[in-house]
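Trainee: Please take one part of this protein and go through it slowly. I would like to see how a pair of helices sits together, and then how that part fits into the rest.

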Amino acid sequence: MAERVREVAVEEADRLKNLTSDAARSGAYLYPIRGIAYFLSHKSLWRPLTSKLAPTMTLGLGITTFMFVFTYLPQAAVMAFTSGPLAAISAALLVLSESSTLITILSKTFLIEDALTDTFDGALLSKNTTDLVSEGRQIKAGGDPIAKLGKLVKKPLVKFAPKALIRYLMYLPLNFIPVVGTVVFVLLQGKKAGPAAHTRYFQLKQWNKSQQEKHIEQYRGAYTGFGVAAVLLELVPLASILFAFTNTVGAALWAADIENQHITNEGTAPRLREQAKKAE
């Protein structure tokens, strides 16, 4: 039995090593960072965010207050055994991180789903992928990319909750394990968040479930790299909603690079483009 456990552990370690290596080589983890720069330099992309600031800030204040009132002391007590004298600070940071994640999940589900779709489509239009965007919505003449967005023909098919919330709650106890637990938590969240970021892209490409799964599995490392970077940004206290929008822009830039064949370096992105053609 012990030998079997050791073999499984070695196999999982090798799989994680290969996944991490693929993610690093792909460069996809840079797209969330590129999304920040692109978002900040293109003011037209701010409009979907600013239109939702009031309700998301109200939701954020309510969730953060609730979390500190009802979960701070119990978590500080548990972390006293793992973090020692730093338990109070560690628990506060953990509560802020948990609040950010809950705010993001609930906002994406109930408040900003359409705004994120507009941001994704607008970023694609700004990268000259009008034909792709026109598969999912009407395109108006003139104006900036957001002004060109017409009525949705195809709305996103995937909601972020309750599945994302349940998964988050299942993985949450990992954070009580110093360092290693947090790393595993982020990796598990990132593995799901990466493919989810291209849900709209897959819809615009009109790929069926089988085509999507084949594409994602072929480039699991790249999607995990993107997802981990995106999750880390969305864990930043008080800025999770902003990063939800910049991550959406980053995902759109990645999709646009695949479509426009603008990637010239040797990495995963060119292979992604080739796979995209094969999947059609």
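Mentor: The account below starts with the whole chain, turns to one helix pair, and ends with two loops and a group of rings.

This is a predicted model, in which local features need pLDDT of at least 70 and side-chain atom pairs count only at pLDDT 80 or more, while totals for chains, interfaces and linings use all residues. Residues are numbered from 1 along each chain as its sequence is written, and side-chain values use heavy atoms, with hydrogens and water left out.

The protein has 14 helices and 2 strands; these are DSSP runs, numbered from the N terminus, with helices (H or I) of at least four residues and strands (E) of at least two. Of its 280 residues, 46% are buried, where buried means under 20% relative accessible area, exposed means over 50%, and partly exposed lies in between (1.4 Å probe, protein chains only). Among contacts with a separation of 6 or more, 72% join residues 24 or more positions apart; a contact means heavy atoms within 4.5 Å.

Now the pair. Helix H4 covers residues 53–83 and helix H5 residues 87–110; their axes come within 7 Å and cross at roughly 145°. Axes are lines fitted to C-alpha atoms, for helices over the stretch in contact, and angles run from 0 to 180 degrees between N-to-C directions. The residues of this contact divide into 18 nonpolar, 9 polar and 1 charged. Nonpolar here covers Ala, Val, Leu, Ile, Met, Phe, Trp, Tyr, Cys and Pro, charged covers Asp, Glu, Lys and Arg, and the others, Gly among them, are polar.

One residue to look at is Ser107, in helix H5. Ser107 counts as buried because its relative accessibility is 0%. Leaving aside residues up to four places away in sequence, Ser107 touches Thr56, Leu59, Ile112, Glu113 and Ile241. Its C-alpha atom is 8.8 Å from that of Gly60, 47 residues apart along the chain.

Two loop residues are next. Asn128, between helix H6 (113–126) and helix H7 (130–133), has a positive phi near 60° without being a glycine. Asn128 counts as exposed because its relative accessibility is 64%. Gln206, also not a glycine, has a positive phi of about 60° and lies in the loop between helix H10 (199–205) and helix H11 (209–218).

Last, the rings. Ring pairs link Tyr31, Tyr201, Phe202, Trp207, Tyr223, Phe226 and Trp254 into a cluster; rings of Phe, Tyr and Trp (its six-membered ring) pair if their centres lie within 6.5 Å.

Notes. Rings of Phe, Tyr and Trp (its six-membered ring) pair if their centres lie within 6.5 Å; planes under 30 degrees apart count as stacked, over 60 as edge-to-face and the rest as tilted.
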